[in-house]
Structures are given as structure tokens and as C-alpha cells.
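Visitor: Could you take me through a close look at one part of this model, the strand at the start of the chain, and then show me how some of the helices pack?

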Amino acid sequence: MPKLGIIGGSGLYRPEIFEKKTESNTPNRWGNSSTPIQCGTIAGVEVSLLNRHGFDHTIPPSQVNFRANLQALRDLGVKAILATSAMGSLREEIQPGDLVFPSQFVDFTKSRKSTIHEEFQPHQPIHTSLADPFDADLRKCLKDTADALGIRSHAEANLVTIEGPRFSTRAESNLFRLWGMDVINMTTSTEATLAAEFGIRYATIGLSTDYDCWKTDAPPVTWEEALAQFAKNIQKVLKVLGAALPRIEEIVV
């Protein structure tokens with residue numbers, strides 16, 4: 001079975017470089033995944049593809065069943081996940097259209113199920129280490145691939161994940177900048193945490209789509225603007241995926 005998983009986020013629902021072979025739609029202990037898992041190939045590499053928000057983007061970020069999604073991929077034997085996501089930039093130098101491979105995150109969500117450990121066995125607590133939540137080898141491979149393709153990218157970036165589905169207030173956006181955050185989204189911290197608990201290597205391919213709302217000489221982000229920017233630059237994500245996957249396949253044993 002495929003050892004590599006891809007979680008498609010906003011704007012990446014049915015990538016044209018994906019060739020589907022089979023489909024898995026088995027509920028697990030947490031319920032149903034956002035979509036059936038599509039098993040097929042990208043650039044000749046076998047992958048399992050899941051769409052985080054549903055094929056028609058009907059699932060808000062705060063309502064994604066992250067645990068069912070990660071469990072479904074793990075049950076298929078996935079050892080490493082590349083997750084795509086639209087991101088707002090909190091830094092002038094991270095321009096709309098740039099790719100971002102975050103190195104750290106701050107979890108600013110408030111109401112999610114973000115652990116599989118709802119109870120402990122007597123005297124056997126489980127506290128997962130998340131000092132470095134994104135896999136260094138996957139991130140390096142993605143960055144090297146983007147550089148080789150001449151695509152602007154950033155590999156040392158702090159990400160803040162907010163609850164959503166609303167966007168930030170200006171006060172929040174400026175607070176995150178003061179905290180040293182570089183990009184913002186609504187999904188990654190939850191997925192990365194669960195991936196660590198499941199023992200799955202995880203990295204994110206972020207696409208900067210806007211400047212959130214901290215930048216007073218630019219209009220505040222809207223969903224329409226973010227989606228249009230993602231659509232405009234989706235080929236960058238697909239090119240990096242297509243070129244990086246054969247190398248990542250060699251990394252993941």
C-alpha cells in the first residue's frame with residue numbers, strides 16, 4: 001500500500017497530476033474521513049490522497065474530523081504526509097504566491113479534538129514530544145526542490161493556526177506579528193499534532209495568498225481573494241509535489 005499521503009487543502013481538491021487507481025471509504029474509531037481516500041500515483045509514486053474540506057469544500061476548518069482523517073491514512077499504511085494549505089503572510093518578505101514550508105507552529109485554536117489520547121492506562125500517561133513538529137528531512141527535500149525549480153520559498157517560518165472560519169482582527173494579526181509569527185492558517189497545528197501522535201512524518205506545503213489584515217496599505221483578506229491567488233499559483237505546488245515525491249519516497253522507509 002502507499003506509504004506517502006497527501007492532504008489537499010483549500011484549492012487543491014482534484015490535482016490533475018494525480019492518477020486514481022482505487023478508493024477506500026472505511027469508517028474508523030473516530031468516524032468518517034472528510035472524503036474517501038483516493039489511492040493512485042503522482043509522478044509514478046504511489047500516494048493516498050485525502051481532501052481535508054471535502055471535494056466541494058463543504059467542511060469548515062473548525063469542523064474537519066482531523067482524527068478520522070489521520071486514522072484513515074495510518075490504516076492504509078501511510079508513513080509520511082505532505083499537506084497543502086493556503087496561508088496568510090504576516091511578513092512583507094513572504095509575498096503572495098510564495099511557497100512556505102513551516103518549521104514551527106503556535107496553536108491558537110480553541111475548540112478542537114486535537115489528541116487521540118482521551119484517557120490513559122493506569123500510570124501510563126502519554127505526552128507526545130512536539131519540539132520540532134515538522135519533519136526536517138521532508139522540509140529540506142521540499143525546499144531543495146523549490147530552489148532547483150526556481151520557485152520562491154521560505155523554509156524557516158513560524159506558523160500560527162487559528163480556529164476559523166473567520167479571519168483575524170487587525171489587533172490579532174498584529175499580535176501574531178509581535179509574537180514572531182510569519183504565516184497564519186486554520187488547519188496545520190491540529191494535523192501536525194495528530195500526525196506526531198500517530199507516528200507519521202509530516203510537513204506542510206503552504207502557499208501564501210494574502211497579507212491577512214495587518215498591512216494597512218492593502219485591503220483585508222477575503223476568501224475570494226485567497227482562493228483566486230491559490231488558483232493562480234497552484235502550478236507551483238504541483239511542480240514541487242511532482243519533483244519532490246520520488247525523492248521523498250526514498251527517504252520514507
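Guide: Let's start with one pairing: Ile-7 of strand E1 has Leu-50 in strand E4 as its bridge partner. Before going on, a word on what you're looking at: this is a predicted model, where local features need pLDDT of at least 70, side-chain atom pairs count only at pLDDT 80 or more, and totals for chains, interfaces and linings use all residues. Residues are numbered from 1 along each chain as its sequence is written, and side-chain values use heavy atoms, with hydrogens and water left out.

Back to the strand. E1 covers residues 4-8, and it pairs with E4 (residues 45-51) in the parallel sense over 5 bridges. Strands (E, at least two residues) and helices (H or I, at least four) are DSSP runs numbered from the N terminus, and two strands pair if DSSP finds at least two bridges between them. E1 also runs parallel to strand E5 (residues 80-89), joined to it by 4 bridges; there, Leu-4 has Ala-80 as its bridge partner.

How well covered is E1? Mostly: 5 of its 5 residues are buried, meaning under 20% relative accessible area with a 1.4 Å probe, protein chains only. Leu-4, Ile-6 and Gly-8 are buried on one side, and Gly-5 and Ile-7 on the other.

Now the helices. Two packed helices are described by the angle between their axes and the distance between the axes. Helix H1 (residues 66-75) and helix H4 (residues 188-198) pack at about 40 degrees, with axes 10 Å apart. Axes here are lines fitted to C-alpha atoms over the stretch in contact, and angles run from 0 to 180 degrees between N-to-C directions. That makes H1 oblique to H4, since angles under 35 degrees count as roughly parallel, over 145 as roughly antiparallel, 65 to 115 as roughly perpendicular and the rest as oblique. On the H1 side, Phe-66, Arg-67, Leu-70, Gln-71 and Arg-74 meet Thr-190, Glu-191, Leu-194, Ala-195 and Phe-198 of H4, with contact meaning heavy atoms within 4.5 Å.

Helix H2 (residues 136-149) and helix H5 (residues 223-251) make another packed pair: their axes come within 9 Å and cross at roughly 140 degrees. That makes H2 oblique to H5. Among the H2 residues in the contact are Leu-138, Cys-141 and Leu-142, and the H5 residues include Val-240, Ala-243 and Ile-248.

Notes
Buried means under 20% relative accessible area, exposed over 50%, partly exposed in between (1.4 Å probe, protein chains only).
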